[in-house]
Amino acid sequence: MTQSHAPAPERAALVETLRERRAPFVQIRHDIHAHPELGFAETRTSSLVAEKLAEWGYEVTTGIGGTGVVGRIRRGASERAIGLRADMDALPIQENTGLPYASTVAQTMHACGHDGHTATLLAAAHYLATDAAFDGTLNVIFQPAEEGLGGASRMIADGLFERFPCDQVFALHNAPGLPVGHFAVRHGCMLASSDTVTITVTGRGAHGAMPQLGCDPIVASASIVMALQSIVARNVEPTRAAVVTVGAIHAGKAGNVIPESATLQLSVRALDSETRNLLETRIRSIAELQAQSYGATASVEYKAISRPLVNEQKATDLAIDVMQSLVGKTGLTMMPEAVMGSEDFSWMTEKLPGCYVLLGNGVGSVGGCTVHNPGYDFNDEALPYGAAWFVALVERYLRQG
Ligand SMILES: [Zn+2]
Ligand SMILES: [Zn+2]
C-alpha cells in the first residue's frame, strides 16, 4: 500500500515550536481581552507590552503617538531594518460571548481581534529575542487607536520612522471565514481609502404651513443625496471602484416645522488616490451648488481616516515566500480583488514599502463570526501561525552572513 504525501513546508517546524510555546501568550491574550481599552486609552495594554519587551531585552520606547510602544533589538553590523506592527485598541461594543475571559469593562470589547494581534506579535518578539538568528535591526511597533481614530498617523507625526528607521514594515489582521493555518494577500491595492464627510446644509426655518417664508434644508439635502449617486455612476471611470454612502441624515423635530439646518454623514471610499481626489472635488461641488440652487448653503467637512492600502511588490513577494514556507502553497489564498474595507496601517505603507496580510481565524462557529460583532473572539489556534510569519520574515530579511 502506498500513500503519497506532499513534503512538509520548509518551515512547518517553526509553527510547531510556536504552538508548543503558545500558552503564556494565550494567557496574555485573554488578559488583554478581559481588560479592553479604547483608542488612545490603551494605558494598561501598552504598559503590559512595554514590560514584557523590556524583560526580553528590547530597548523600549513608550508614549509614541499617545500610547504607542516600540521595542528595538540591534544585532550584528547590517544596516538593514524591519518593522513589525500590531494594533492594541478595542471597540465601543457590549460583549455577549459569555467567555470566561469576557470583557470586564461595560461597552468596551476586543471585537476586532486586536488583543490577538498584540499577543501574536509578543509571541514573535519573545522568540526573536531568545532563539532567532538575525543581523540588523528589528523594530516591533505596537500602535494605538486603529479603529478610525488615527493612531498610525499620530505615531508617524511623533517621528516613528525617523526615530526607528525601517526598510519595510509588515502587519497582519485576523480574518474570520478563512480557515486557521491559512493566509490571504494580494499585490498592489488591497484595501480602500476611507474618508468621513459631514455636509451641513443651512437654510432658514419657518412654519411648516408657510414654506414660502423659509428655505427648506431638508428638500435641498434630499436633492444632494440623489445627486451624490451620480458621482460613482457618471464621474468615476467604470473600471475603478468607489463608494459614496450617505449613512446618516439628521434634521428637524416636528412635521409642521421647517428646520434651520440638516446634516448628512458620508462614508467615501476608493482604491486609488486619483479617484479619491475626484470624489472629494465632486462631493464638494455637488453639495455646495445643489444647496445654492435651493437658496441654501452647504459646508463640507472632510476627515481622512485611511489611505488606500497598497502592498508593495518586493515586500509582498517576501511575505508570500515566507507564508508558503510555513503553510505551503495550499495554505495561501491570492485575493483576486481588493476589498472596500480600510485599515489604519495604510498610513505606514504610504511612507514605506510594506505588506499587510490576512490570517485565518477559522470558519463556522469557531472563529467564523464577523469582526465588530458582540459575539466575536480571536481564535488562539491562529496565534502560532501569525507569530511564525513574523519570526520567519525577520529571519529571512535580516539573514545572517
Ligand atoms: Zn476593526
Ligand atoms: Zn481590526
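Buried area here is the accessible area (1.4 Å probe) that two parts lose on being put together, summed over both. Everything below comes from a predicted model, where local features need pLDDT of at least 70, side-chain atom pairs count only at pLDDT 80 or more, and totals for chains, interfaces and linings use all residues. Residues are numbered from 1 along each chain as its sequence is written, chains are lettered from A and ligands numbered from 1 in the order in which they are written, and side-chain values use heavy atoms, with hydrogens and water left out.

**View 1. Where domain 1 meets domain 2.** The domain assignment, automatic or from a database, splits the chain into domain 1 (9-190 + 308-397) and domain 2 (194-306). The contact (heavy atoms within 4.5 Å) draws 12 residues from domain 1 and 13 residues from domain 2. Taken over C-alpha atoms, the two domain centres sit 37 Å apart. About 920 Å² is buried between domain 1 and domain 2, with carbon and sulfur atoms giving 66% of that. As for salt bridges (a side-chain nitrogen of Lys or Arg within 4 Å of a carboxyl oxygen of Asp or Glu), the rule finds 0 across this interface.

**View 2. The zinc ion (ligand 2) and its donors.** C112 (SG), H114 (NE2) and H173 (NE2) coordinate this ion at 2.1 to 2.3 Å. Donors are N, O and S atoms within 2.8 Å of the metal (3.2 Å for Na, K and Ca); water is not among the atoms, so sites may look incomplete. Along the chain, the donor spacing reads C-x1-H-x58-H. C112 also coordinates the zinc ion (ligand 1), which lies 3.1 Å from the zinc ion (ligand 2). Buried means under 20% relative accessible area, exposed over 50%, partly exposed in between (1.4 Å probe, protein chains only). C112 counts as buried at 6%, and H114 is buried at 0%.

**View 3. An aromatic cluster of F170, W389 and F390.** Rings of Phe, Tyr and Trp (its six-membered ring) pair if their centres lie within 6.5 Å; planes under 30 degrees apart count as stacked, over 60 as edge-to-face and the rest as tilted. The whole structure has 4 such pairs. One of them, W389 with F390, is tilted, at 5.4 Å centre to centre and 40 degrees between the planes. W389 and F390 are both buried.

**View 4. Arginines over rings: R80 with Y397, R154 with F40.** A charge sits over a ring if NZ of Lys or CZ of Arg is within 6 Å of the ring centre and within 35 degrees of the ring normal. R80 lies over the face of Y397, 4.4 Å from the ring centre. R154 puts its charged end over the F40 ring, 4.3 Å from the centre.
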